[in-house]
Amino acid sequence: MLENHFDIAVVGAGPAGLAAAVTAAEHNRSVVLVDAGEQPGGQYWRHPDENAPRGEESLGHHDWSLFSNLRSLLHRFSRDGRITHLPRHQVWFVERTGSSRTLHLTTSYAEAACVDDEQQQSVTADALILCPGGYDRQLPIPGWDLPGVMAAGGVQALLKGHRTLAGRRAVVAGTGPFLLPVATGLAAAGAEVVAVCEAGSVTGWARHPLAAAAVPAKAREALDHAASLLRHRIPYRQRTAVTAIHGTDAVRSVELSRLDRQGRVRRRVCDVQVDLVALGWGFTPSLELVTATGAATRKDVDESLVAVVDSEQRTTAPGVYAAGEATGVGGALLAVAEGELAGLTAARDQGQPVSQPRVQVLWKRIDRHRRFATAMHAAHPVPHRWHEWLRPGTTVCRCEEVSFGQVCAARDELGAGDARTVKLLARPGMGWCQGRVCGYATAKLAAAQEGRELTADDLRPTAKQSFTAPVALEQLAGLPHSGEPGERQP
């Protein structure tokens, strides 16, 4: 029977979670590491089955040796009992139990939905380190609901995890540096990439030269990707966007348009025949668990909602720490540094001695990478006037089939002036994904229609979920219930 109480629970086995878990274990803490994936690494280090032939190939991953080292430590500490690793598990509810927190668990939705004897139902810990990662931010455009249109991260996940091409003739579009590894990865795997369409301009980096220079490894990565684009003869079009996608039962072509600095369409460039459209507009942190603990949130420089943390990764909720994308999207190396710092802080708060010089090294590293991330977001913002590309019939919420025209009508005819009211009246975000795909776009549309900037209050309703993951009714029915009046139950 698995021990149910631990010193520290870490949620997420990506770069931040791995670093947090092994650091806490190194400092004599009992750790439980809960992760939805079948094997560690998260989205950044997604890889084929480690037990399958050729499973150890890095497939062009950056910082693979760092991952290998963290994974080796995880296995070592798992063998000697300092870390209990629970893959294929998700946290669907966080309950405060005295000074501790109980995490109610279910198998990840990729697994069988029914409850079985091998599934761990709950774990309790004195401290909680949240490293939930993030997911692709998406903006609706005409035709984006056609088969063959994918999030850029999904296209890359198929390549990294399954060596599968999502299409043979592709366009990669959106904004940000992430477009480059997606395009070069597709090309290296044999796809024809007709163009990388960057809605912004790389000249935006010139406004932050010191921040860009603070992480020279990123410049080397960019040069490597540029060389790969040249080698595969992939055009890199700046201030260009896919403004419409055409097809009936699948993608047939895309409309490319030149943009001005505000994101308005200056002129239509051409139509290009493709069978795959990879769209990437940056990433959005997954904050359901952060808000479930009552921790404060704020709007970051890239208009994402992020957790408020102090200089040592403590959130405003007692005994709860956050690291990685949850504190602001900034890349794997930043996430690793924040995860290690969170592990050190949690161990020290529980009375364990830690190295202050090591803490200071991490502070400096985090500061450099955070300044780089700020420069990156400033250089590659979401186009301010992107909503002008939409048409009345453009789908905004795919789950509930809510159109742009219906979102506008909620304001014009029913007086909805914020994202929450739009959701109540027009139903975007009320489907299976609970706004994870359309929430940001809906909030941006509501703010644009009111002629104001996006606020944290626009984003918070999507981040707050009663259940933070899908859970079977059978499992809910099996929860113990004392029946005592006033006793809190999940």
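In helix α3 of this predicted model, the buried residues are Ala152, Gly153, Val155, Gln156, Ala157, Leu159, Lys160 and Gly161. The helix spans residues 152–162, and because 8 of its 11 residues are buried, α3 is largely enclosed by the rest of the structure. The buried set includes Gln156 and Lys160 alongside Val155 and Leu159. Among the elements that cover these residues are two strands, β7 (134–136) and β8 (149–151). The cover also includes helix α4 (179–188) and strand β15 (276–280). After α3 comes Arg163, which has a positive phi, near 55°.

Another buried side chain to look at is that of His377, which sits in helix α9 (residues 356–379). Its relative accessible area is 11%, and since buried means under 20%, His377 counts as buried. What does His377 touch, leaving aside its neighbours within four places in sequence? The contacts are Val301, Asp302 and Val329. With Val329 there is also a polar pairing: a polar atom of the His377 side chain lies 2.9 Å from the backbone oxygen of Val329.

The cysteines come next. How many disulfides does the model contain? The count is 0. Cys438 shows the reasoning for one case. The closest cysteine sulfur to that of Cys438 belongs to Cys397, at 3.9 Å. A disulfide requires the two sulfur atoms to be within 2.5 Å, so the sulfur of Cys397 is too far from that of Cys438 for a bond. Cys438 is itself buried, with a relative accessible area of 2%. Cys131 is buried as well, at 6%.

Helix α11 covers residues 419–426 and includes Leu424. On the surface, Leu424 joins Leu414 and Leu425 in a nonpolar patch. Together these three leucines have about 290 Å² of accessible area.

Ala426 also belongs to α11. Is Ala426 buried or exposed? Its relative accessibility is 14%, so Ala426 counts as buried. Not counting residues up to four places away in sequence, Ala426 touches Val402, Gln406 and Ala410. Val254 lies 172 residues from Ala426 along the chain, and the C-alpha atoms of the two are separated by 29 Å. Helix α11 thus holds both Leu424, a member of the surface patch, and Ala426, which is buried.

Conventions: Residues numbered from 1 in each chain as written. Predicted model: local features only at pLDDT ≥ 70, side-chain atom pairs only at ≥ 80, totals over all residues. Heavy atoms only, no water. Buried < 20%, exposed > 50% of the residue type's maximum accessible area, 1.4 Å probe, protein only. Helix = DSSP H or I, 4+ residues; strand = E, 2+ residues; numbered from the N terminus. Contact = heavy atoms within 4.5 Å. Patch = residues over 30% accessible without salt bridge, like charges linked within 9 Å, V, L, I, M, F, W, Y side chains within 5 Å. Areas by Shrake-Rupley, 256 points an atom, 1.4 Å probe, with all protein chains shown as cover. Salt bridge = Lys/Arg side-chain N within 4 Å of Asp/Glu carboxyl O. Polar contact = N/O pair within 3.5 Å; in protein donor to acceptor, adjacent residues only side chain to side chain.
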